[in-house]
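Let's take a friendly walk through a protein model. Have the sequence and the 3D view ready, and follow along one stop at a time.

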Amino acid sequence: MAKQEELVFGIHAVKALIERAPERFIELWLLKGRDDERLMPVINLARKYGINAQFVQRKVLDDKSNGEQHQGVLARVKAEKPLTEGDLDDVLSRAEAKGEQAFLLILDGVTDPHNLGACLRNADAAGVQAIIVPKDNAARITGVVRKVAVGAAESVPLVQVTNLARTMKSLQQMGVWIIGTAGETDKCLYDVKLSGPMALVMGAEGKGMRRLTRENCDELVKLPMAGSVSSLNVSVATGICLFEMVRQRRL
């Protein structure tokens, strides 16, 4: 059974959600006595959309957020229905209507909410149209993810698919070239053509891509590692790869 409500905290996350979906707000709590320039935009937006804000002591916010860094703002909102395969078709259709080529990010089993939040932030900055994740064994949108994403969770669709390999094959049939990242390949990121309709696949923390996911990639690339560290955090590696793709798409 899908959850009906969720908590959102952090200035950027709450502000972005008010701007995108004010009708989803049930309750909004703000730190009593704090009215500095960072929080005022949230207060003004809440007033604009008729969202009733309660000013409370820090302990109330600490308790409600289970000790997470809430930055003095926390909201209880109606949960949004997860996006699925059908929604991905809509995303690609809208991109095509705007004259854009497919630009997607696939995360194969990334389970850490901080990494998912950082990947959402990277994807938003790079202009990615959607992030695709498997329905099982992957992080979901939570309050922590929204806060780390600093608003990107509201702008980049997160599409959950039942069968990742099948979705990849479907994208390939639509002409999307799928690039996977794997340390065992000889091809360097900077030596491969990364323009055109494309999806980037990043594997799980520590494990990399699953075998079936790897087998369904059109090409595998790796980052050149000059030091003693064998790999980078998945969100850092994602940012590097996405912006190399952005660079090549602009040539």
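**A pocket and its surroundings**

Let's begin with helix H9, which supplies three residues to the lining of the largest pocket, the largest share of that lining. Keep in mind that you are looking at a predicted model.

How much space lies in the largest pocket? The value comes to about 570 Å³. The pocket is lined by 26 residues, and those closest to its centre are Thr181, Ala182, Gly183, Ser231 and Leu232. Two elements give two or more residues each to this lining: strand S9, running over 198–203, and helix H9, running over 234–249. Sorted by class, the lining holds 12 nonpolar, nine polar and five charged residues. If you wonder how such a space is found at all, rolling a probe the size of a water molecule over the atoms shows where empty space is left.

Now let's bring in a database record. Where does UniProt place the feature "binding site"? In an unreviewed entry, it is put at Gly203, Leu223 and Leu232. These residues are spread over 30 residues of sequence, yet they cluster in space, with a largest C-alpha distance of 13.5 Å. Try finding them in the pocket: Gly203, Leu223 and Leu232 are included in the lining of the largest pocket. Leu232 is also among the residues closest to the pocket's centre.

Let's look at Gly203 on its own. You will find Gly203 in strand S9. Is Gly203 buried or exposed? Its relative accessibility is 9%, and because buried means under 20%, Gly203 counts as buried.

Back in helix H9, look for Cys241. The same reasoning works here: Cys241 has 2% relative accessibility, so it counts as buried. From Cys241, you can also look across to Val150, which is 91 residues away along the chain. The C-alpha atoms of Cys241 and Val150 are separated by 21 Å.

Our last stop is the aromatic rings. A pair of aromatic rings is described by the distance of the centres and the angle of the planes. How many aromatic pairs does a search of the whole structure find? The search finds zero. Rings can still have charged neighbours, so to speak, and there are two places to look. Lys64 lies over the face of Trp29, at 4.2 Å from the ring centre. Arg249 lies over the face of Phe103, at 4.3 Å from the ring centre.

Note on methods:
Residues are numbered from 1 along each chain as its sequence is written. This is a predicted model: local features need pLDDT of at least 70, side-chain atom pairs count only at pLDDT 80 or more; totals for chains, interfaces and linings use all residues. Side-chain values use heavy atoms; hydrogens and water are left out. Rings of Phe, Tyr and Trp (its six-membered ring) pair if their centres lie within 6.5 Å; planes under 30 degrees apart count as stacked, over 60 as edge-to-face and the rest as tilted. A charge sits over a ring if NZ of Lys or CZ of Arg is within 6 Å of the ring centre and within 35 degrees of the ring normal. On a 1 Å grid over the protein atoms alone, a cavity is a set of points where a 1.4 Å probe fits but cannot get out, and a pocket is an open set with protein on both sides within 12 Å along at least five of seven lines; lining residues have an atom within 4 Å of a point. Grid points are joined across faces, edges and corners, and a volume is the space filled by probe spheres set on the points. Helices (H or I, at least four residues) and strands (E, at least two) are DSSP runs, numbered from the N terminus. Ala, Val, Leu, Ile, Met, Phe, Trp, Tyr, Cys and Pro count as nonpolar, Asp, Glu, Lys and Arg as charged, and the others, Gly among them, as polar. UniProt positions are given in the numbering used here, feature names are shortened, and annotations may be inferred rather than shown by experiment. Buried means under 20% relative accessible area, exposed over 50%, partly exposed in between (1.4 Å probe, protein chains only).
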